[in-house]
Structure formats: structure tokens, C-alpha cells
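Visitor: Could you walk me through this protein? I'm new to reading structures, so please take it step by step.

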Amino acid sequence: MARIVRYHEADYTPSEVEAITGVSGDLQRDWRRRGFLEAKSDTKRSRFRASDLGYMMALKAFSDAGVSVAAAKDAASIAVLPIVARLAPRPTSVPPMTSFDPSSPRFVIIAKGEAMRAGSADALRHLFDSTDWADHLGNPVVVVFDCEKASRIILSRVPRPPFVLEVDE
């Protein structure tokens, strides 16, 4: 007998998004206008999906660190899947549908303008030890975003579960 697994993704208002991610309503509107975000708008009011929360949190972190818009968008896009994997409940009665390991990648890094991933703190240390990440003045040029920590922050702030799992037997 086949099992059907469905995830229902919660929607959040701009004010809820601000409380969860720290991204102000003004910045949300600016990002929508510039094409960085797509709000669900069945009515005149904008709504954001649960998967948008991690993207916005990462985009803000990279932007606040002075990363270029293009690099910040790339890195934030990389951060979405590991964050969503940590936010979504796991069905215990259903075998895994993919081989995706939610613990990897844990970190999204921008180094010298390029986005990359590291699955663990050890992998991050190895990456830093194996490469010179300094600019011509010797200053480090690395920004690290911790997807696991972002997921914990989101889960501690959401007013309702970001995803609801429904399994039909």
C-alpha cells in the first residue's frame, strides 16, 4: 500500500516575518521591489512562505556584513535547503525519500566574493587552514552563516509550525 506524504507550508505576514527574522517591513518591500523576494499575495496583503524565512535571514546577515548583493543572493539561496530541512518535521513511519542529510551543509560561507558550503565545524576549520582568505592588506574576507543556528532561531520565534506533515496511509 502506498503512503502519501504532504508538507503544508505555513504563511507569515510581513510583521511576523520581521519578528522572526529581523528583516524590517521597509526592507521586505525594498527586496520585493528589487526582485529579491516574491511574496504570496492572494489578497492585497503580502504573505511569505516558511521557506522564505531562512532566505531572508541569510540575505540580511550577508548584506549586513557588507557582502555584494549578487553574492549575498547566491549564498542565501544555498542556505535555504539546509534550513528548510531542519524546519520540516520528519515522518517516522515513512522511509526517507532522499539521501539529503539535514546536517550538511551546516555553514554557508562567502569567501573572496564566492559562496561555498561546509558541512561541519571541522570542515570549516579545514577550509580556513588550507587557504589564505585574506585580502591584499591581510584582512580576512570571509563571512560565515550557520544554517543550524538560523533554524533554531526561526523555530524559537515562529507563532505556528513552519511545516505540517500529513501522511495518508
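Guide: Sure! One term to start with: a salt bridge here is a side-chain nitrogen of Lys or Arg within 4 Å of a carboxyl oxygen of Asp or Glu. Also keep in mind that this is a predicted model.

Visitor: How far apart are the closest N and O atoms of Arg106 and Glu148?

Guide: Along the chain, these two are 42 residues apart, with Arg106 in the loop between H4 and S4 and Glu148 in helix H6. Even so, they form a salt bridge. The separation of their closest N and O atoms is 4.0 Å.

Visitor: Which residues are joined with Arg106 into one network of salt bridges?

Guide: Arg106 also meets the side chain of Asp146 in a salt bridge, at 2.8 Å from N to O. That pair links distant parts of the chain too, since Asp146 sits in strand S6, 40 residues from Arg106. Through shared partners, Arg106 ends up in one network with Asp146, Glu148 and Arg152.

Visitor: Is Asp146 buried or exposed?

Guide: The cut-off for buried is under 20% relative accessible area. Asp146 has 16%, whereas its partner Arg106 has 21% and counts as partly exposed. Because its value falls under the cut-off, Asp146 is buried.

Visitor: Which residue forms a salt bridge with Lys60?

Guide: Stay inside helix H3 for this one, and go four residues along from Lys60, about one turn of the helix. There you find a partner that is exposed, with a relative accessible area of 56%. The closest N and O atoms of the pair are 2.7 Å apart, and the partner is Asp64.

Visitor: Let's turn to the nonpolar side. Which helix supplies the largest share of the largest nonpolar core?

Guide: That core has 37 residues, and Tyr12, Phe62, Ile83, Phe145 and Ile154 touch the most other members. Several elements supply at least two residues each, including helix H1, helix H3 and strand S6. The largest share is nine residues, and it comes from H4.

Visitor: Which residue of helix H6 is Phe145 in contact with, leaving aside neighbours within four places in sequence?

Guide: Helix H6 spans 147-157. With those neighbours left aside, the contacts of Phe145 include Met57, Phe62, Ile83 and Val108. The one that falls in the H6 range is Ala150.

Visitor: How many residues are in the other core?

Guide: This core lies apart from the largest one. Among its members are Phe107, Ile109, Leu124 and Trp133. Its full count is seven residues.

Terms used. Residues are numbered from 1 along each chain as its sequence is written. This is a predicted model: local features need pLDDT of at least 70, side-chain atom pairs count only at pLDDT 80 or more; totals for chains, interfaces and linings use all residues. Side-chain values use heavy atoms; hydrogens and water are left out. A nonpolar core is a set of buried Ala, Val, Leu, Ile, Met, Phe, Trp, Tyr and Cys residues joined through side-chain atoms within 4.5 Å. Buried means under 20% relative accessible area, exposed over 50%, partly exposed in between (1.4 Å probe, protein chains only). Contact means heavy atoms within 4.5 Å.
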